[in-house]
Amino acid sequence: MMIRKTMRELKPGEQLEVIADDPSTQRDIPKFCQFMDHQLLEQSVNNGIYSFLIEKSQ
């Protein structure tokens with residue numbers, strides 16, 4: 001929900017970096033991007049910290 005709200009505030013082409021410690025984000029954020037037609041540019045995990053870079057769609 002927080003990501004969806006923040007993405008609404010961005011202009012098309014702007015990017016949002018998401019950092020989380022919940023393993024379910026590895027499943028949820030890519031599905032969110034696909035459903036909302038946003039671009040998942042990067043996804044990584046390091047010591048239980050999950051990072052995502054999302055670009056807002058047109």
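Q: Which percentage of the contacts in the chain with a separation of 6 or more comes from residues 24 or more positions apart?
A: This is a predicted model, in which local features need pLDDT of at least 70, side-chain atom pairs count only at pLDDT 80 or more, and totals for chains, interfaces and linings use all residues. Residues are numbered from 1 along each chain as its sequence is written, and side-chain values use heavy atoms, with hydrogens and water left out. Contact means heavy atoms within 4.5 Å. For contacts with a separation of 6 or more, the share from residues 24 or more positions apart is 59%.

Q: In which order do the elements of the chain run from the N terminus?
A: Helices (H or I, at least four residues) and strands (E, at least two) are DSSP runs, numbered from the N terminus. The chain has 2 helices and 3 strands. Read from the N terminus on, their order is α-β-α-β-β.

Q: What is the order of the strands in the open sheet?
A: Strands of a sheet pair through backbone hydrogen bonds, either parallel or antiparallel; two strands count as paired if DSSP finds at least two bridges between them. Here the pairing is antiparallel. The edge strands, each pairing on one side only, are β1 (15-20) and β2 (39-46). The order across the open sheet is β1-β3-β2.

Q: Which residue in β3 stands opposite L16?
A: β1 pairs with strand β3 (residues 49-55) in the antiparallel sense, over 6 bridges. Within this pairing, Q15 stands opposite E55. The residue of β3 that stands opposite L16 is I54.

Q: At about what angle to β3 does helix α2 run?
A: Axes are lines fitted to C-alpha atoms, for helices over the stretch in contact, and angles run from 0 to 180 degrees between N-to-C directions. Helix α1 (residues 2-9) lies across β1 and β3, at about 160° to β1. Helix α2 (residues 25-36) lies across β1, β2 and β3, and its angle to β3 is about 5°.

Q: Which side chains of β1 point to one face and are buried?
A: Buried means under 20% relative accessible area, exposed over 50%, and partly exposed in between (1.4 Å probe, protein chains only). Along β1 the side chains alternate, and Q15, E17 and I19 point to the other face and are not buried. A20, with a relative accessible area of 16%, is therefore in the buried class. The buried side chains are L16, V18 and A20.

Q: How far apart in space are A20 and S51, C-alpha to C-alpha?
A: A20 is found in strand β1. Not counting residues up to four places away in sequence, A20 touches T25, G48, I49 and Y50. A20 and S51 are 31 residues apart in sequence, while their C-alpha to C-alpha distance is 6.5 Å.

Q: Which side chain of opposite charge is nearest to the buried K56?
A: K56 lies in the segment after β3. Leaving aside neighbours within four places in sequence, K56 is in contact with M7, R8, L10, K11, P12, G13, E14 and H38. For charge, Lys and Arg count as positive and Asp and Glu as negative, while His and the chain ends are not counted. K56 has no salt bridge, and the nearest side chain of opposite charge, 7.3 Å away, is that of E14.

Q: With which residue does E9 form a salt bridge?
A: A salt bridge is a side-chain nitrogen of Lys or Arg within 4 Å of a carboxyl oxygen of Asp or Glu, and the count by this rule is 2. E9 is exposed, with a relative accessible area of 58%, and its partner is exposed at 54%. The two are 4 residues apart in helix α1, which means about one helical turn separates them. At 3.6 Å between the closest N and O atoms, the partner of E9 is K5.

Q: What is the N to O distance in the salt bridge of R27 and D28?
A: R27 is partly exposed, with a relative accessible area of 48%. D28 is partly exposed too, at 35%. Their side chains meet with an N to O distance of 3.0 Å.

Q: Near what value is the positive phi of N47?
A: Most residues other than glycine have a negative phi. D37, in the loop between α2 and β2, has a positive phi near 65°. N47 sits in the loop between β2 and β3 and is exposed, with a relative accessible area of 77%. The phi of N47 is near 55°.
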